[in-house]
Amino acid sequence: MDNNMKTTYRKRLEKTAKALEKNNMQAFVADTCEEACEIVKGLLREGAQISCGGSMTLNECGVMDIMRSGKYDFLDRAKASSPEEVGEIYRKAFFCDAYLSSSNAITENGELYNVDGNCNRVAAITFGPKQVIIVAGRNKVVRDLDAAIDYVKRVSAPANAVRLSLDTPCASLGECAGANIDNMCSGCKSDKRICCGYVVTGYQRDPERIKVVLVNEELGY
Ligand code: SF4
């Protein structure tokens, strides 16, 4: 990428990091995935029990390799052999030392916006794990909550529905069935719907709990 663009994106990430800090979340800006991984390693204690939400970003950035390095007690749902075991891992995640995830969108006002189908991920971001580490590429940063709602309906949710081979309207239309209705929760009535819980993370009481690593690369969707 052109260096001028990279610098412009960096300034936007720095502005967003300041806004997150005003909301009592710790924020870091990394120029590369390698830098982001070093930050994440610095936040994790060896031997800590960790878990994560489903995320393309964690895979693409290399954070999943850190989680599977053997240095941590990783509650890995990919190793579960039944839906019951997956459900058990979702519940155990609430007691973890650290929960890792991306965010569907992050506003320049310092808010995290997440939409979930099962809601295990939004639940763990909101309550439970002692520490939450969010890793997000620059493509997740949007101006405000209206833009975040729009981004999820037009980008995140359709792309995730395609990734998961779900038979939802967005997977075939390329956007949410409710994309043009001015209502956050508008959408389909599919039994495969992946938009059921809508969570905005704003000002935090505990300044130690949520850490956000903003990466100056395109990651996930
Ligand atoms: S509400 Fe339905 S159509 Fe809209 S993004 Fe979610 S799953 Fe797709």
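**Reading a predicted fold, strand by strand**

Guide: Let us start with strand 7, which is covered on both faces, since Gln 131, Ile 133, Val 135 and Gly 137 on one side and Val 132, Ile 134 and Ala 136 on the other are all buried. Please keep in mind throughout that this is a predicted model.

Visitor: How should I read the two sets of residues on the two sides of strand 7?

Guide: The general idea is that side chains in a regular strand alternate between the two faces of the sheet. In this structure, strand 7 covers residues 131–137, and seven of its seven residues are buried.

Visitor: Which strands pair with strand 7, and in what sense?

Guide: Strand 4, residues 98–101, pairs with strand 7 in the parallel sense over four bridges, and Ala 98 is the residue that stands opposite Gln 131 there. Strand 10, residues 210–215, also pairs with strand 7 in the parallel sense, over six bridges, and in that pairing Ala 136 stands opposite Leu 214.

Visitor: In what order do the strands of the four-stranded open sheet lie?

Guide: The order is 8-5-6-9, and the pairing within this open sheet is mixed. Strand 8 (141–142) and strand 9 (197–201) are the edge strands, each of them pairing on one side only. Helix 7 packs on this sheet, where it touches strand 5 (105–107), strand 6, strand 8 and strand 9, and the direction of helix 7 makes about 160° with that of strand 5.

Visitor: How does strand 6 pair with strand 5 and with strand 9?

Guide: Strand 5 and strand 6 run antiparallel and are joined by two bridges, with Leu 112 in strand 6 as the bridge partner of Ile 106. Strand 6, residues 112–116, and strand 9 pair in the antiparallel sense over five bridges; Asn 114 stands opposite Val 199, and Val 115 stands opposite Tyr 198.

Visitor: Is strand 6 buried or exposed?

Guide: Five of the five residues of strand 6 are buried, so this strand is largely enclosed by the rest of the structure. The covering extends to both faces, with Leu 112, Asn 114 and Asp 116 buried on one side and Tyr 113 and Val 115 buried on the other.

Visitor: What should I look for in a backbone phi angle?

Guide: The general expectation is that most residues other than glycine have a negative phi. In the hairpin of strand 5 and strand 6, which has four residues between the strands, the residue with a positive phi, near 85°, is Gly 110. Cys 119, by contrast, is not a glycine and still has a positive phi of about 75°, and Ser 165, again a residue other than glycine, has a positive phi near 55°.

Visitor: Where do Cys 119 and Ser 165 lie, and how exposed is each of them?

Guide: Cys 119 lies in the loop between strand 6 and helix 6 (120–126), and because 16 other C-beta atoms are within 10 Å, Cys 119 counts as partly exposed. Ser 165 is found in the loop between helix 7 and helix 8, and with 8 other C-beta atoms within 10 Å it is exposed.

Visitor: Why does Tyr 90 count as buried?

Guide: The cut-off for a buried residue is 20 or more other C-beta atoms within 10 Å, and Tyr 90 counts as buried because it has 20 C-beta neighbours inside 10 Å. Tyr 90 is found in helix 5, residues 83–92.

Visitor: Which residues surround the ligand most closely, and which helices supply the shell?

Guide: The ligand is surrounded by 15 residues, of which the closest are Ala 157, Cys 170, Cys 176, Gly 187 and Cys 188. Helix 7 (145–163) and helix 8 (169–173) each supply at least two residues of that shell, the largest share, three residues, coming from helix 7. By class, the shell consists of nine nonpolar, four polar and two charged residues.

Visitor: How should I read the overall dimensions of the protein?

Guide: A compact globule of 221 residues would have a radius of gyration near 17 Å, and the protein's value of 17 Å therefore agrees with that expectation. The C-alpha trace spans about 50 × 45 × 35 Å along its principal axes, and the chain forms eight helices and ten strands. Buried residues make up 43% of the 221 residues, while among contacts between residues at least 6 apart in sequence, 75% join residues at least 24 apart.

Conventions: Residues numbered from 1 in each chain as written. Predicted model: local features only at pLDDT ≥ 70, side-chain atom pairs only at ≥ 80, totals over all residues. Buried ≥ 20, exposed ≤ 12 C-beta atoms within 10 Å, placed from the backbone. Pairing = 2+ DSSP bridges. Near = placed C-beta within 6 Å. Nonpolar A, V, L, I, M, F, W, Y, C, P; charged D, E, K, R; others polar. Contact = placed C-beta atoms within 7 Å. Axes fitted to C-alpha atoms, helices over the stretch in contact; angles between N-to-C directions. Rg over C-alpha atoms; globule rule 2.2 N^0.38 Å.
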